[in-house]
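Work through the exercises below with the model open beside you. Try each task before reading its solution.

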Amino acid sequence: MSTVSYFTNANNVVAKNLTFNTYVSDGDALQFLFNHSATGAMHDSDERFPPPVCHPGTRQAVVARITAWYGYLTAPQKRIMWVHAPAGYGKTAIAGTISKILEEQEGLDFCPLGATFFFWRTSAERNSPAYFIITIAYQLAMSIPELKPHIENAVKRNPMILRKAPEAQLVKLIVEPFKALRQHLEEMPNRLIIVDGLDECINSNRESRVEKQYAEDQEKVQIRVLDLIHTLQSHQLPLSFLVLSRPESWLKQHIESHPFEKSVEVLDLYETGDHMNDVETYIRAELSRIGATIDYRGDDRDVEWPGENLVWKFVARTKGHMLYASTVIGHIDDPYDNPRSRLDNILNYSSPYSDLAHSSPFASLYQLYRQILQTCPKRSHPRMIEVLEDLLGTVTVLPLSLPDALPVLDSLSGRSTSSGFRALRGLHALLHLQTPNLGRQGWFVHSSFTTFLSDPEFSLEFTANRTKGHRRLLSGCLDAMSTVTQQSVDKDHHLFALILWPVLWLYARRWSTQDQSFAKEEYSSMVRKLLECDLEACFLKAFIYQRNHAVFRVNAPQSLYSPGRMNCIVPSSFRELYDSDTLVQQAVLRILTSAENVFLFLISQASTADADCAHIMDSTFLVHLAHYLAELWRGASDEGVKDRESNKVIKSLKTLRRAKEKPFEMLIGRLSTAFRFPGPDLEEVISHLLRDDVS
């Protein structure tokens, strides 16, 4: 999603009497909507390129079943179809294929594809319902010309609707614009909205607030999205909905409930179509492609490769699981090794862990993962596991492609240059090692590999402990930060250290060993390292760097600015440590005073007569300032109102209001939208700053 501010296209911002109003000019409403959409969730987004689609000649029965249900011109009797299957059965590829078919459909005077939303677990914009309705509304405005002016009017009348709950957005941005078409509504052809990966919606954009009980668990948030879809279909709009997900028990139970059963068509992908035939079609095509690249000179084996026996043995091993087949193909398609030998090793492998053969629906896939890991040189296994731990620990927070991320992780973890890539080189079937432009789409080819690595029952000697990765990288970040000054010339890993350390500390904050005893020595070492850093220089450079490189923005946890024992550097399981350990107290105080001094410096610069105010309008600075002010208000008791009034940052903001009213009003507008759901503490701060009687 774009980091363009909420007020980029706003005019006449007014900040009087505890309120402010935003006006969007006529030509900007759609751009305004676009800027607040999760553009990466759309089927044809650059973030998802190339989009997964079904291999030619496969999944034909499923695709035919879905298109027959949709019906194009006339809405089906049941307006929602739920397609479910376990991980790895090609749900996303099917969603991509349906999108492509509808978009390329000829002979119609309208586009049947209304909108798409592809949830993705590791993308903060695609794993939350916060952007769902906005993104759907924007696409509907683009795909249905008659609807466009009514959606534009809805945004112009109330731009703040983009900050409301999805349930309110649904009414104002979709239902009411459709209803405004009146008699034309009945004549409008049916459009399909595709929602893929509902089980990937985990609401992680509220992760930093979990301990403050603002977050919804994944079951509730997924059901919330289902309810949004059900509400939309209940209005009898010319829309149908294709929803694809894993068959999670709570989703199944909700869809089978009374309100849903009359409006949902259920399609079990596992029981539909000929999976074995689909896999065979894919395997024959891919082995033929690979076979055409093999140099048979000097090879004593039969050159008629792969041969029928090998094909059938491969097909039988997959048990109809397309992900298994594609992973094997990815593994043997290695320009630096012999594909024939690699495939023989996979198919002739005899697992020593026969007791695990039927312990999971993914047992055969997990066994394949072990086989691939075992093909890497044994001497490199410890280094390989270490790098995988780093990947597990940062996949959700480091917005880089894997080839770009590995050098940064090598530097932070103290490895030699390129050693991370060398350790993972044999895992090209499991990781996107050769995809330089793939950022937030993910480093892992399939999420089942991360599940495998994290579960010792399945990964055995290849278990990767992400907490170890968090702590190792946190230690490396603090080491890098210790050399940062306002005059230092910093390398990439220094700059990423400045951005990542609060998030990594939050992730590692339990500080417990495997037997749940407190790892005090390791924790105390981290605290001492933090106290050795010039935190003022670190905060200042972090703001400047993220302002100049918008793609690298990572929001720090709000608890970074919590006073006392609730600060994110205090172990969550040992809060009492703050009361007895003076080093911890010093570290928390150092964080707060250093950040406060940087806030004062930047705001005071903006208050001077000819100063450029751009640096205090940057979204990263504003998010940190919002966190600080919210925690200041939260931490002050009723008797501490004077402490709030005497706070230097509050005073500097009042000075800015007197010196430069217009920049102050813009800052307040952007500050109020630094979060999609600002808490009551931040709202109170803003109200206080906007009071006419503020001195």
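The exercises go from the whole chain to the sheet, then to salt bridges and cysteines.

The model is predicted, so local features need pLDDT of at least 70 and side-chain atom pairs count only at pLDDT 80 or more, while totals for chains, interfaces and linings use all residues. Residues are numbered from 1 along each chain as its sequence is written, and side-chain values use heavy atoms, with hydrogens and water left out.

**Exercise 1. Describe the chain as a whole.**

Step 1. Count the secondary structure, taking helices (H or I, at least four residues) and strands (E, at least two) as DSSP runs numbered from the N terminus. The protein has 31 helices and 7 strands.

Step 2. Assess burial, where buried means under 20% relative accessible area, exposed over 50%, and partly exposed in between (1.4 Å probe, protein chains only). Of the 695 residues, 57% count as buried.

Step 3. Look at the surface, computed by the Shrake-Rupley method with a 1.4 Å probe; for residues, only the protein chains shown count as cover. About 29700 Å² is exposed, and carbon and sulfur atoms supply 50% of it.

Step 4. Examine contacts, meaning heavy atoms within 4.5 Å. Among contacts between residues at least 6 apart in sequence, 76% join residues at least 24 apart.

**Exercise 2. Trace the open sheet and find what lies across it.**

Step 1. Two strands pair if DSSP finds at least two bridges between them. On that basis 5 strands form an open sheet with parallel pairing, in the order S4-S5-S6-S3-S7.

Step 2. At the edges are S4 (113-118) and S7 (264-268), each of which pairs on one side only. From one strand to the next, the twist averages 15 degrees.

Step 3. Check the S3-S7 pairing: S3 (residues 80-84) runs parallel to S7 and is joined to it by 5 bridges. His 84 has Asp 268 in S7 as its bridge partner.

Step 4. Add the helix. H7 (residues 218-234) lies across S3, S5 (191-196) and S6 (239-245), and runs at about 160 degrees to S6. Axes here are lines fitted to C-alpha atoms, for helices over the stretch in contact, and angles run from 0 to 180 degrees between N-to-C directions.

**Exercise 3. Locate salt bridges and state how covered their partners are.**

Step 1. Apply the rule: a side-chain nitrogen of Lys or Arg within 4 Å of a carboxyl oxygen of Asp or Glu. The count comes to 25 salt bridges.

Step 2. Glu 47 and Arg 126 form one of them, at 3.0 Å from N to O. Glu 47 sits in the loop between H1 (29-35) and H2 (60-70), and Arg 126, 79 residues away, in the loop between S4 and H4 (132-143). Glu 47 is buried because its relative accessibility is 15%; Arg 126 is buried at 1%.

Step 3. Arg 65 and Glu 265 form another, with the closest N and O atoms 3.7 Å apart. This pair links helix H2 to strand S7 across 200 residues. Glu 265 is partly exposed at 24%, and Arg 65 is partly exposed at 36%.

**Exercise 4. How many disulfides are there?**

Step 1. Use the criterion of two cysteine sulfur atoms within 2.5 Å.

Step 2. The count is 0 disulfides.

Step 3. Classify two cysteines by accessibility. Cys 54 is buried, because its relative accessible area is 14%. Cys 111 is partly exposed, with 27%.
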